[in-house]
Amino acid sequence: MGGNNGKEEVAFRVSVTKEEVVAAVLPIQDHRLPFSNLDLLLPPVDVGVFFCYNNNNNTTLSFGSMVESLKNALAQALVSYYVFAGEVVQNSMGEPEILCNNRGVDFVEAEADVHLHHLNLYNPDESIEGKLVPKKKHGILAVQVTSLKCGGIIVACTFDHRIADAHSANMFLVSWAEIARPMKPTTAAQPCFRHSLLIPRRPLCIQPSLDAMYVSLPPPSHQLEPNNFNSLISRIYYTTADQLSHMQSLASSSDPIKNRTKLESFTAFLWKMVAMATSSSSSSEKMLVAKMGVVVDGRKRLKEGTMDDYFGNVLSIPFGGKAVEELVEKPLSWVAEEVHKFLETALTEEHFLGLIDWVEEHRPSPALARIYCGNTMDVGPALVVSCGQRFPESKVDFGWGKPVLGSYHFHWGGDAGYVMPMPSPKKNGDWVVYMHLLKPHIHFIESMANHVFKPFTWDYLNH
């Protein structure tokens with residue numbers, strides 16, 4: 001295990017030993033798959049995900065044999081998940097679509113001169129970014145497998161968010177892992193690419209409230225450009241089940257009948273903390289507004305057809321904006337009520353059908369969730385919470401044991417914050433929280449809420 005608990009920085013080098021392209025094991029007919037209207041709401045950003053595996057003394061597998069197993073299973077998985085082996089191109093209207101041509105997935109093998117339990121995962125900017133999660137240079141998906149000094153390995157992927165949301169990526173990861181374990185029964189579903197499930201209605205029926213949630217942009221502007229008035233940094237914390245229960249109790253205290261969910265309570269607490277951080281550091285005489293959004297998966301809301309296995313984006317990001325000082329002064333229960341109000345606007349089938357229609361009305365102009373626009377010092381902070389409670393960490397077993405830790409890594413280019421709470425691998429009700437926020441907000445939260453957000457260390461997992 002080593003003496004370092006993963007909190008202190010340990011400098012290490014990563015050397016790429018091999019690069020190749022893995023294509024689907026079966027040829028496919030070249031064809032184009034248009035983006036669905038909900039895919040068109042995503043900007044061109046990449047999402048990373050990584051899994052850490054201990055050196056399992058029960059296995060005789062060498063790193064080379066593990067890599068071969070991963071590549072062979074990937075080549076088979078790409079038969080069903082053929083979009084990941086394609087490329088994004090433009091159609092005649094200038095909109096993106098998928099060229100399903102089996103160009104393959106860039107696959108990198110690497111080695112790092114560091115022990116797994118010496119990795120400072122509390123600070124993924126230093127330990128993960130640009131080292132252990134690949135930069136996607138071509139195609140839609142990139143994979144990197146890194147061997148460590150201790151015999152452990154890290155399997156990491158980067159994928160184009162326009163092609164897959166977390167639900168879709170999770171389906172792929174579980175399927176890939178199951179194919180790598182041919183002796184185990186297969187439970188992973190086959191992906192559904194029927195974009196006809198998300199076609200607009202005729203005539204279009206659009207709620208005016210959607211204009212407050214989404215904005216149509218001129219073509220050059222949909223590339224997210226950070227304002228850089230303060231840099232965003234990433235951290236990984238854990239929050240105990242006791243703290244989550246206490247948070248939920250405080251958030252529900254105004255009306256016990258309206259019991260707030262843990263996600264609503266967590267979101268309200270974070271919204272309040274960011275408002276406090278903004279209030280304490282701002283010298284502006286203008287009224288600053290803090291915006292908070294929550295990602296909603298629409299699969300359970302859409303009744304027509306089966307959406308559980310649908311591959312693509314089925315997301316909406318409702319949000320609320322409140323004056324910073326109001327968020328600071330009001331109790332957590334009031335803030336949680338505000339979270340509940342804006343969240344429930346997106347929890348209906350009509351909302352998602354209307355959103356599909358809204359995109360149709362604005363095509364071919366690109367569109368974007370409004371919460372991703374206008375996070376400036378003069379306006380106020382914006383952040384989005386994406387619930388990762390269905391993160392299938394324990395199912396991503398490629399044949400040498402379950403990962404000791406897995407996490408998404410969303411080091412994107414915008415200047416709105418992003419937070420994803422995931423279940424702890426300890427399976428005790430704790431959460432592992434990936435946080436990508438403005439540096440002063442991170443520092444404020446660590447000083448004022450260090451009893452809630454505790455830096456992730458390997459000691460935490462081992463006790």
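These exercises cover sheets, helices and one loop residue of a predicted model.

Residues are numbered from 1 along each chain as its sequence is written. In this predicted model, local features need pLDDT of at least 70, side-chain atom pairs count only at pLDDT 80 or more, totals for chains, interfaces and linings use all residues, and side-chain values use heavy atoms, with hydrogens and water left out.

**Exercise 1. State the strand order of the 7-strand sheet, then place strand E18 in it.**

Step 1. Fix the terms. Strands (E, at least two residues) and helices (H or I, at least four) are DSSP runs, numbered from the N terminus. Two strands pair if DSSP finds at least two bridges between them.

Step 2. Read the order. The open sheet runs E14-E11-E16-E18-E19-E10-E20, with mixed pairing. Strand E14 (319-323) and strand E20 (454-455) are the edges, each pairing on one side only.

Step 3. Take the neighbours of E18. Strand E16 (residues 382-385) pairs with E18 in the parallel sense over 3 bridges. Val 385 stands opposite Val 419 in E18. Strand E19 (residues 431-438) pairs with E18 in the antiparallel sense over 6 bridges. There, His 436 of E19 is the bridge partner of Tyr 418.

Step 4. Check burial. Buried means under 20% relative accessible area, exposed over 50%, partly exposed in between (1.4 Å probe, protein chains only). In E18 (residues 417-423), 6 of the 7 residues are buried, so the strand is largely enclosed by the rest of the structure.

Step 5. Finish at the E20 edge. Strand E10 (residues 232-239) and E20 run antiparallel, joined by 2 bridges. Tyr 237 has Pro 455 of E20 as its bridge partner.

**Exercise 2. Describe how helices H6 and H10 pack.**

Step 1. Get the geometry. Axes are lines fitted to C-alpha atoms, for helices over the stretch in contact, and angles run from 0 to 180 degrees between N-to-C directions. H6 (residues 262-281) and H10 (residues 439-448) pack at about 110°, axes 9 Å apart.

Step 2. Classify. Under 35 degrees is roughly parallel, over 145 roughly antiparallel, 65 to 115 roughly perpendicular, and the rest oblique. H6 and H10 are therefore roughly perpendicular.

Step 3. List the contact (heavy atoms within 4.5 Å). H6 gives Leu 270, Met 273, Val 274, Met 276, Ala 277, Thr 278 and Ser 280, while H10 gives His 441, Phe 444, Ile 445 and Met 448.

Step 4. Sort by type. Ala, Val, Leu, Ile, Met, Phe, Trp, Tyr, Cys and Pro count as nonpolar, Asp, Glu, Lys and Arg as charged, and the others, Gly among them, as polar. The contact holds 8 nonpolar, 3 polar and no charged residues.

Step 5. Add the burial of H6. Of its 20 residues, 15 are buried, so H6 is largely enclosed by the rest of the structure.

**Exercise 3. Compare the span of helix H9 with its expected value.**

Step 1. The expected span is 1.5 Å times one less than the number of residues.

Step 2. H9 (residues 349-362) has 14 residues and should span 20 Å; its end C-alpha atoms are 21 Å apart, which agrees.

Step 3. Look at its surroundings. The buried residues of H9 include Phe 352, Asp 357 and Trp 358. Among the elements that the buried residues pack against are helix H4 (210-213) and strand E9 (214-216).

**Exercise 4. Is His 138 buried or partly exposed?**

Step 1. Locate His 138: the loop between helix H2 (124-127) and strand E7 (141-148).

Step 2. Apply the cut-offs. At 47% relative accessibility, His 138 counts as partly exposed.

Step 3. Find its contacts. His 138 touches Arg 103 and Asp 106, not counting residues up to four places away in sequence.
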